[in-house]
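User: Please take one part of this model and go through it closely, explaining each term as you come to it. Which part would you choose, and what surrounds it?

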Amino acid sequence: MPPASAGTAAEATADAGAPSPAATGLLPPANAPAASSSPVPASSPAEAELAAMTLEQKIGQMLLAGIDGTELDKEARSMIADDQVGGIILYADNISNLQGMVSLINELKSSNRDHPAPLWISVDQEGGKVSRLPKEYAAFPESGTVGSTGDSEAAGTMGRLLAKAVKSAGFNMNFAPVLDIASNPDNPIIGTRSFGSTAQLVAAMGIAEMKGIAAEGVVPVVKHFPGHGDTSVDSHLELPVVDKSREELAELEWRPFAAAVEEQADAVMIAHILFPQLDPDRPASLSERIISDLLRREMGFQGVVITDDLTMGAITKNYTLAAAAVDTVLAGSDILLVAHEYDNERAVREALLNAVKNGTITEERIDESVLRILALKNKYNLSDDSVPVPDLTALNREIKAWRSSLNSK
């Protein structure tokens, strides 16, 4: 069952007397020394791959784009062939059934085989209402249901099963787990997508799920930093504002993310939310203070930063797409998610190319991001190899058995 706004008994017990992030070392003080901008070792394969790339190919690696329909159309083929985008995200509208989904993913990969790096094939498969897999897969419960058990082992199993499911179809990146805390009962977008209403519960469950996903060879992307749980506006439609102090955010919203960074999270998605007490002028996704200073320098995150979809209303109603694209790269983002319309992907690509050519963004700044992207693709041994249509009998049995076990907790 979904967690109550005040938290379940398990949550209350787990969070009692919990130390602050600073006390646990999860959140370094504001004057902490800068972390290294990249965990990539010198003379790595990623460095050799980067050195062989053109500027256009580098920019392509920073783009994660959506496509139209359930088949690979002419414009999607052109986007992969000409723009050499680094990855694709599939939504429910792209998926009709198991065979069609696998066929589409295999076509996407096949279209990319002559390019320097394999594609991200990504999806939002959280469970509950945010589930993209077709009906042939056994259903996953929402995170709130799993969180109400208070059992982090159940969340770890959920992560492994989610990864097995998406990997069976050819996906290699999953935008999960949600590390937002369900602290606002009027939140229109998070709710039971969260594991619960306390920082300690969300951290424990979320880290377990993150590790479970990674253990099966799928890249987990934790979201939505710095925290989407206390918003009352849907960022798909408008720009939410969270007017909390740094101290308030550190005591609640940041704690699961700080824990994820401590556990070597591979990738973090940045939310389109304005935090005026941190940066009064720019939402988190466009803010150097939040991405480079807070997440990277203070928390020590060295992985890949991915924006939430830049075509959401929070961005498009307040910025041009071109300006937002340049701003988010200057702020420290590595991958720009452009989920809808081919013209939008082209506009973002052109804006970044022009910004490098006119000196607004240095090519060294682009190289930093692309090196992180290539290193992560190498870490997970991504390839553009096709996958067969899977037999889901054993997997579905495993999912159903785990789901039934939650009722006894």
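Analyst: Helices and strands here are DSSP runs, a helix being H or I over at least four residues and a strand being E over at least two, and both are numbered from the N terminus. The model is a predicted one, in which local features need a pLDDT of at least 70 and side-chain atom pairs count only at pLDDT 80 or more, whereas totals for chains, interfaces and linings use all residues. Residues are numbered from 1 along each chain as its sequence is written, and side-chain values use heavy atoms, with hydrogens and water left out.

The part I would choose is the sheet. The protein chain has 17 helices and eight strands, and the eight strands form one open, parallel sheet in the order β7-β6-β5-β4-β3-β2-β1-β8. The edges of this sheet are β7 (304-307) and β8 (336-338), and because each of them has a single partner strand, one side of each is left without a neighbour in the sheet. Two strands are said to pair if DSSP finds at least two bridges between them. Strands of a sheet pair through backbone hydrogen bonds, in either the parallel or the antiparallel sense.

Strand β6 is a good place to look in detail. On one side, β6 (residues 267-270) pairs in the parallel sense with β5 (residues 219-225) over three bridges, and here Val268 of β6 stands opposite Val222. β6 also pairs in the parallel sense with β7, this time over four bridges, and Val268 stands opposite Val305 in β7. The side chains of β6 point in two directions, Ala267 and Met269 one way and Val268 and Ile270 the other, and all four of these residues are buried. Buried means a relative accessible area under 20%, exposed means over 50%, and partly exposed lies in between, as found with a 1.4 Å probe on protein chains only. Of the 409 residues of the protein chain, 58% count as buried.

Helices lie beside these strands. Helix α6 (residues 98-111) lies across β2 (87-90) and β3 (120-123), and it runs at about 165 degrees to β2. For such an angle, axes are lines fitted to C-alpha atoms, for helices over the stretch in contact, and the angle runs from 0 to 180 degrees between N-to-C directions. Contact, in turn, means heavy atoms within 4.5 Å. By this measure, residues 24 or more positions apart account for 81% of the contacts in the protein chain with a separation of 6 or more.

At the edge strands, α14 deserves attention. Eight of the eleven residues of helix α14 (residues 321-331) are buried, so that this helix is mostly covered, and among the buried ones are Leu321, Val326, Asp327 and Val329. The buried residues of α14 pack against both β7 and β8, as well as against α12 (288-298), α13 (313-316), α15 and α16 (363-379). Just after α14 comes Gly332, which takes a positive phi of about 125 degrees.

The loops that join strands to helices hold some backbone features of their own. Most residues other than glycine have a negative phi, and most peptide bonds are trans. The peptide bond from Ala176 to Pro177, however, is cis, with omega near 5 degrees, and Pro177 sits in the loop between β4 (173-174) and α9 (199-215). Another cis peptide bond runs from Phe225 to Pro226, with omega near 5 degrees, and Pro226 lies in the loop between β5 and α10 (246-251).

Positive phi values also occur in loops beside strands of the sheet. Gln264 is not a glycine, yet its phi is positive, at about 65 degrees; this residue is found in the loop between α11 (254-262) and β6, and with 61% relative accessibility Gln264 counts as exposed. Glu341 likewise has a positive phi, near 75 degrees, in a residue other than glycine. The place of Glu341 is the loop between β8 and α15 (342-357), where Glu341 is exposed, with a relative accessible area of 53%. In β6, by contrast, Val268 and Ile270 are buried, while Gln264, in the loop between α11 and β6, is exposed.
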